[in-house]
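Here's a quick walk through one protein model. Have the sequence and the 3D view open while you read.

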Amino acid sequence: MASHLRHGPDGEMRLRIIEHNLQLLAEQEEEEEQPQPKEGAEEQNNNDKELSSSGSASKAKPLRAVLLFSIDTQSTQSDVQTMITKWRQQMPNAHLAYNIISQIIFVPNDPTMVDASKWIVAIEKLLPEIQSTNARVMLINDSFVLTRNVPELWPDDCGDVCGLVWTAPADDESRHIQSYIRTLSSCAVERYRNFYYEKKSDIRNVHELIVEFELNLSWAGGER
């Protein structure tokens, strides 16, 4: 999850959005882990056999959140870190969100590549693990507020790239998978990484970033 933080009310609002989104995603995982009601002992035994034969492949992978923060030039890293620490300490009512945060990484701000420049840091760091576990990755930022959890974005049959698409004509620039909430298969993550380095030097402004990285999905291959 990517965010550009400024110390003060604006930064606090962004952290609340992040907490809200993480909480919904974590609740989805908790629901999936709840045991299903059984009608009787015989059915229980049958279910146990099925689970035993299927192994761990049917289990959902545990959800982990990596928070990627760049810092506004009007703030110091010390002030922002203090704000984040205070935010995390005040999360008892959102313990699920707290528990899925595995890393907090501070990255330089790139006004041209914006969130893509943040996501790539985590992708570089985690790519071997993503590939070895065949994990699905969500790219999201703090400009998007979830109103419910989104289980439909996580299954493998969702395709290599899965996200929100505006219902506009195919040649309309507003018809694209939004960068701020999409999931990628482990194969698509590597293709996204390679495409990022291939095209980064050609991007001169945010509009070109939208055209190349959001409207254009030729890098994704596979299903989308």
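## The start of α7

Which backbone nitrogen does a side-chain oxygen of N205 reach at the start of α7? That of H207: the side-chain oxygen of N205 comes to within 3.2 Å of that nitrogen. Keep in mind that this is a predicted model, so every value here is computed from predicted coordinates.

As for the helix itself, α7 covers residues 206-215. Its buried residues are E208, L209, F213 and E214, so two glutamates sit in that list along with a leucine and a phenylalanine.

## Two nonpolar cores

Start with the largest nonpolar core, which counts 32 residues. The members that touch the most other members are L15, I18, L22, L67, W87 and M138. Several elements chip in: α1 (9-33), β2 (65-71), α3 (77-89), α4 (95-100) and β4 (137-140) supply at least two residues each. The biggest contributor is α1, which gives six residues.

I18 is a handy place to look around. Setting aside neighbours within four places in sequence, I18 is in contact with M1, S3, L67, F69, W87 and D142. Another core lies apart from the largest one. This other core has 30 residues, and A2, M113, W119 and W219 are among them.

## F106 at the end of β3

Strand β3 takes in residues 101-106, and F106 belongs to it. Is F106 buried or partly exposed? F106 has a relative accessible area of 26%, so it counts as partly exposed; the cut-off for buried is under 20%.

Leaving out neighbours within four places, F106 is in contact with F69, I71, Q77, V80, Q81 and I84. There's also a long jump in sequence to point out: F106 and S3 are 103 residues apart along the chain, yet their C-alpha atoms are 9.9 Å apart in space.

## S117 in α5

Next up is helix α5, residues 114-133, where you'll find S117. S117 has 10% relative accessibility, so it counts as buried. What does the side chain of S117 reach? It reaches the backbone oxygen of V114, at 2.6 Å.

V114 and S117 are both in the stretch 114-133 that makes up α5. A general point about helices helps here: an α-helix has 3.6 residues a turn, so residues three or four places apart point the same way. Beyond neighbours within four places in sequence, S117 is in contact with D110 and Y196.

## The largest pocket

The largest pocket has a volume of about 1,000 Å³. There are 34 residues lining this pocket, and P62, L63, R64, R136 and W154 are the closest to its centre.

Which elements give two or more residues to the lining? They are α1, β2, α5 and β4. Helix α5 gives the most, with seven residues.

## The disulfide

How many disulfides does a search of the whole structure find? One. It joins C158 and C162, with the sulfur atoms 2.0 Å apart. The angle about the S-S bond is -120°, and the link is left-handed.

Both partners count as buried: C158 has 16% relative accessibility, and C162 has a relative accessible area of 13%. By contrast, C187 is partly exposed, because its relative accessible area is 47%.

Terms used: Residues are numbered from 1 along each chain as its sequence is written. This is a predicted model: local features need pLDDT of at least 70, side-chain atom pairs count only at pLDDT 80 or more; totals for chains, interfaces and linings use all residues. Side-chain values use heavy atoms; hydrogens and water are left out. Helices (H or I, at least four residues) and strands (E, at least two) are DSSP runs, numbered from the N terminus. Buried means under 20% relative accessible area, exposed over 50%, partly exposed in between (1.4 Å probe, protein chains only). A polar contact is a pair of N or O atoms within 3.5 Å; within protein, one must be able to donate a hydrogen and the other to accept it, and residues adjacent in sequence count only if both atoms are side-chain atoms. Contact means heavy atoms within 4.5 Å. A disulfide is a pair of cysteine sulfur atoms within 2.5 Å. A nonpolar core is a set of buried Ala, Val, Leu, Ile, Met, Phe, Trp, Tyr and Cys residues joined through side-chain atoms within 4.5 Å. On a 1 Å grid over the protein atoms alone, a cavity is a set of points where a 1.4 Å probe fits but cannot get out, and a pocket is an open set with protein on both sides within 12 Å along at least five of seven lines; lining residues have an atom within 4 Å of a point. Grid points are joined across faces, edges and corners, and a volume is the space filled by probe spheres set on the points.
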